[in-house]
Amino acid sequence: MESTYNDSETIHYVRFQSPHRNGRGHFTGIFGLINTLAREGRLSEEQELFRRSNNSWYDAAYTDPSTVGPSVYDHEINPGAAAWFKSSATHLLARIPGYLEILEAHGVDCRSLRSADPGRIIYEDDMQVVVVPYT
């Protein structure tokens, strides 16, 4: 998924999110969108199996930033904090199309964002960053 804005600027980060703001004024990420469908009981048996097995795989494959820094997603300390995959985390990105197919089947919009500088980095590991978007 490595791509460029132009000949000299490489994209380093990728995020999948709703194009619409949620009740808190933020853009819900792809996992939140899928988990909302599950909580509402809208997933088919096959889709729920996909969600559970892949969410478990992701939980094992990389660190939940809130387990390292409990304030990472604190709305007052880090307003709008959002996780972005590093484009080098191709093994994590490879499973995203299955999530996108489920969202599309339910008419849930999800857009792909790519940026070399998505915001002020408040957490980073080998697979991802969490940023507070620039205002």
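This report describes the overall form, the nonpolar cores and one strand residue of a predicted model.

**Overall form**

The protein chain contains five helices and six strands. Read from the N terminus, its elements follow the order β-β-α-α-α-β-α-α-β-β-β. The radius of gyration is 15 Å and the globule rule gives 14 Å for 135 residues, so the protein chain is as compact as a globular protein of that length. The C-alpha trace spans about 45 × 35 × 30 Å along its principal axes.

Global values for the protein chain are collected below.

| Property of the protein chain | Value |
|---|---|
| Residues that count as buried, of 135 | 37% |
| Share of contacts with a separation of 6 or more that join residues 24 or more positions apart | 69% |
| Exposed area | about 7,900 Å² |
| Part of the exposed area supplied by carbon and sulfur atoms | 49% |
| Distance between the mean positions of the 12 positive and 18 negative charges | 5 Å |

**Nonpolar cores**

The largest nonpolar core has 18 residues. Within this core, the residues that touch the most other members are Phe16, Ile30, Tyr58, Phe85, Leu92, Ile96 and Leu103. Strand 1 (13-21), helix 1 (30-39), helix 4 (90-93) and helix 5 (96-105) are the elements that each give two or more residues to the core. Helix 1 gives the most, with five residues.

Ile30 is one of the residues that touch the most other core members. Leaving aside residues up to four places away in sequence, Ile30 touches Phe16, Gln17, Ile96, Tyr99, Leu100, Leu103 and Cys110. Of these neighbours, Phe16, Ile96 and Leu103 are also listed among the core members with the most contacts to other members.

Another core lies apart from the largest one and has five residues, among them Ala82, Trp84, Val129 and Val131.

**Ile121**

Ile121 is located in strand 5, which covers residues 120-124. Its relative accessible area is 37%. Buried requires a value under 20% and exposed a value over 50%, so a residue in between counts as partly exposed. Ile121 is therefore partly exposed.

With residues up to four places away in sequence not counted, Ile121 touches Tyr13, Val129, Val130 and Val131. Two of these, Val129 and Val131, belong to the core of five residues. Ile121 and Ser71 are 50 residues apart along the chain, and their C-alpha atoms are separated by 13 Å.

Key
Residues are numbered from 1 along each chain as its sequence is written. This is a predicted model: local features need pLDDT of at least 70, side-chain atom pairs count only at pLDDT 80 or more; totals for chains, interfaces and linings use all residues. Side-chain values use heavy atoms; hydrogens and water are left out. A nonpolar core is a set of buried Ala, Val, Leu, Ile, Met, Phe, Trp, Tyr and Cys residues joined through side-chain atoms within 4.5 Å. Buried means under 20% relative accessible area, exposed over 50%, partly exposed in between (1.4 Å probe, protein chains only). Helices (H or I, at least four residues) and strands (E, at least two) are DSSP runs, numbered from the N terminus. Contact means heavy atoms within 4.5 Å. The radius of gyration is taken over C-alpha atoms; the globule rule is 2.2 Å times the number of residues to the power 0.38. Accessible areas come from the Shrake-Rupley method with a 1.4 Å probe; for residues, only the protein chains shown count as cover. Lys and Arg count as positive and Asp and Glu as negative; His and the chain ends are not counted. The place of a charge is taken as NZ of Lys, CZ of Arg, CG of Asp or CD of Glu.
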